[in-house]
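I opened my notebook today to look through one structure, a bit at a time. Come along and check each entry on your own screen.

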Amino acid sequence: MEAARQYNVHEAKTHLSRILEQVATGEEVVISKAGEPAAEVVPLHARVKLTGRGSLKGQIHIREDFDDLPDDLADAFGMR
C-alpha cells in the first residue's frame, strides 16, 4: 500500500484546493502539527451508488394488484 502524502498545517492551509483534488482521486493525506500526525483526510464514499439502468433489479417488488384502484377511487374517476 502506498504511503499517504503528508503536509504540515501551514502547507495544508496554503494548498487546501490541491489536497482536496488529490483526495477526490482516491489519495489519502495526513496533516501534521509539530511533526506529529494530527489528521487524516480521506475520500468520502458515496452513500448512493448510481450504476445506471437496471441497478436496482431484484431490490424492488411491485405487487400484482398495483394497477387496481379501490372501488371508491375508480367511481370517483368514472372508471367503472
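**Entry 1: salt bridges.** I am working with a predicted model. I began by searching the whole structure for salt bridges, and the search gave 2.

I looked up the pair of glutamate 27 and arginine 5 and found their closest N and O atoms 3.1 Å apart. Then I checked where the two partners sit. Glutamate 27 is in the loop between α2 and β2, while arginine 5 belongs to strand β1, so this salt bridge ties together parts that are 22 residues apart in sequence. Buried or exposed, or something in between: which word fits glutamate 27? Its relative accessibility is 25%, so I wrote down partly exposed. Arginine 5 has a relative accessible area of 41% and is partly exposed.

My second pair was arginine 63 with aspartate 65, where the closest N and O atoms are 2.8 Å apart. Arginine 63 has 62% relative accessibility, and I noted it as exposed. For aspartate 65 I noted 34%, which means partly exposed.

**Entry 2: the sheet.** Arginine 5 had brought me to a strand, so I followed the sheet from there. In what order do the 3 strands of the open sheet lie? I read the order as β1-β2-β3, with mixed pairing. β1 (5-8) and β3 (36-41) are the edge strands; each has a single partner strand, so one side of each has no neighbour in the sheet. I also noted that neighbouring strands here are turned by 30° against each other on average, direction ignored.

Next I took the pairings in turn. β1 runs parallel to β2 (residues 29-33), and 4 bridges link them. Across this pairing I found arginine 5 opposite valine 29 and glutamine 6 opposite valine 30. β2 and β3 are antiparallel, joined by 5 bridges. Here valine 30 turned up again, this time standing opposite glutamate 40 in β3.

Between β2 and β3 I found a hairpin with 2 residues in between. Alanine 34 sits in that turn, and its phi is positive, about 55°.

Why can I call β2 largely enclosed by the rest of the structure? I counted its buried residues, 4 of the 5, and that is the reason.

**Entry 3: a proline in a strand.** I stopped at proline 37, which is found in β3. Its relative accessibility is 57%; the cut-off for exposed is over 50%, so proline 37 counts as exposed. I then looked for its contacts, leaving aside neighbours within four places in sequence, and listed Val30, Ile31 and Ser32. I also compared proline 37 with glutamine 6: they are 31 residues apart in sequence, and their C-alpha atoms are 8.3 Å apart in space.

**Entry 4: the nonpolar core.** Which residues make up the largest nonpolar core? I listed 6 in all: Tyr7, Ala12, Ile19, Val23, Val29 and Ile31. The elements giving two or more residues to this core are α2 (16-24) and β2.

I picked valine 23 from that list for one more check. Not counting residues up to four places away in sequence, valine 23 touches Val29, Val41, Val42 and Pro43. Val29 is on my core list as well, and it is the residue I had already met opposite arginine 5. That is where I closed the notebook for today.

Key:
Residues numbered from 1 in each chain as written. Predicted model: local features only at pLDDT ≥ 70, side-chain atom pairs only at ≥ 80, totals over all residues. Heavy atoms only, no water. Pairing = 2+ DSSP bridges. Axes fitted to C-alpha atoms, helices over the stretch in contact; angles between N-to-C directions. Buried < 20%, exposed > 50% of the residue type's maximum accessible area, 1.4 Å probe, protein only. Contact = heavy atoms within 4.5 Å. Core = buried A, V, L, I, M, F, W, Y, C linked by side-chain atoms within 4.5 Å. Salt bridge = Lys/Arg side-chain N within 4 Å of Asp/Glu carboxyl O.
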